[in-house]
Amino acid sequence: MDMSDVAHAAAGMNAPVETDDCQGGHAKLEKAAIKGHDSVLELQQRNVGERLLRALYALAAEYSTSAAWSCIDARNLDQTQRHLNESATYVGLSQDGPTETRVRVNLSGQPLSTLAHQRRNGPEALAAAQASQASWAARRDPFFDSPGHVRAALAVPALGASRD
């Protein structure tokens, strides 16, 4: 096994991402992401070196994050939390900077804030949004910072606080 096998497995991420962009999340999309995740884990069973193993962990984190977003859209909140936890584990094992930044930005506030908002937990939604704003990526790039501001603004009315 070599990096071309990892690239082939990574190409499988295109379909779930395109489906999510066009249709939003749903159970079928979550299952597709889980299937991709499982196929990546099967590749890890082969005799692979550390570099390939880390690349596979990064890909497993990406698939888990995709499944989590799909569950948020489908309002399957308990499954969302499970996928987010799994994604955090795999991204840590990957030790891949770019993947870690993408997944951690997602994990630091966006899905957690959305999940808390859907559960009508204003304090948790605000805390997750603030964590997103405090992330390394948000401090360095307005593109990653702006969703945290939106999530924080959405959380304030749930707290019953004024806009002052």
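**Terms and model.** A residue is called buried when its relative accessible area is under 20%, exposed when that area is over 50%, and partly exposed in between (1.4 Å probe, protein chains only). The model is a predicted one, in which local features need pLDDT of at least 70 and side-chain atom pairs count only at pLDDT 80 or more, while totals for chains, interfaces and linings use all residues. Residues are numbered from 1 along each chain as its sequence is written, and side-chain values use heavy atoms, with hydrogens and water left out.

**View 1. The whole protein, with 10 helices and 0 strands.** Helices (H or I, at least four residues) and strands (E, at least two) are DSSP runs, numbered from the N terminus. The C-alpha atoms fill a box of roughly 60 × 35 × 25 Å along the principal axes, and 41% of the 164 residues count as buried. Among contacts (heavy atoms within 4.5 Å) with a separation of 6 or more, 64% are between residues 24 or more positions apart.

**View 2. The largest nonpolar core, with 18 residues.** A nonpolar core is a set of buried Ala, Val, Leu, Ile, Met, Phe, Trp, Tyr and Cys residues joined through side-chain atoms within 4.5 Å. In this core, V40, L59 and Y90 touch the most other members. The elements that contribute two or more residues are α1 (3-11), α3 (27-43), α4 (50-73) and α5 (77-94), and α4 gives the largest share, with 8 residues. When residues up to four places away in sequence are not counted, L59 touches V6, A9, A10, M13 and V40. A second, separate core of 6 residues includes A116, L126, A129 and A152. In soluble globular proteins, nonpolar side chains tend to be buried together.

**View 3. The surroundings of H37 in helix α3.** H37 counts as buried because its relative accessibility is 5%. Leaving aside neighbours within four places in sequence, H37 is in contact with A60, Y63, S64, E86 and Y90. The C-alpha atoms of H37 and A61 are separated by 8.1 Å, although these residues lie 24 residues apart along the chain.

**View 4. Helix α5 and its buried side.** This helix has 18 residues and reaches 26 Å from its first C-alpha to its last, close to the 26 Å expected at 1.5 Å a residue, where the expected span is 1.5 Å times one less than the number of residues. The buried residues in α5 are L77, T80, H83, L84, S87, Y90, V91 and S94. They cover an arc of only 135° around the axis, so they lie on the same side of α5; the arc is that of the directions from the helix axis to the C-beta atoms. Just after α5, Q95 takes a positive phi of about 50°.

**View 5. Helix α8, residues 122-134.** Its 13 residues reach 18 Å from the first C-alpha to the last, close to the 18 Å expected. G122, A125, L126, A128, A129, S132 and Q133 are buried in α8, and because these residues fall within an arc of 165° when seen down the axis, they line one face of the helix.

**View 6. Helix α10, residues 142-159.** The buried residues of α10 are G148, A152 and A155, and they fall within an arc of 65° seen down the axis, so they line one face of the helix. On the other side of α10, P142, F143 and P157 are exposed. After α10 comes G160, whose phi is positive, near 75°.
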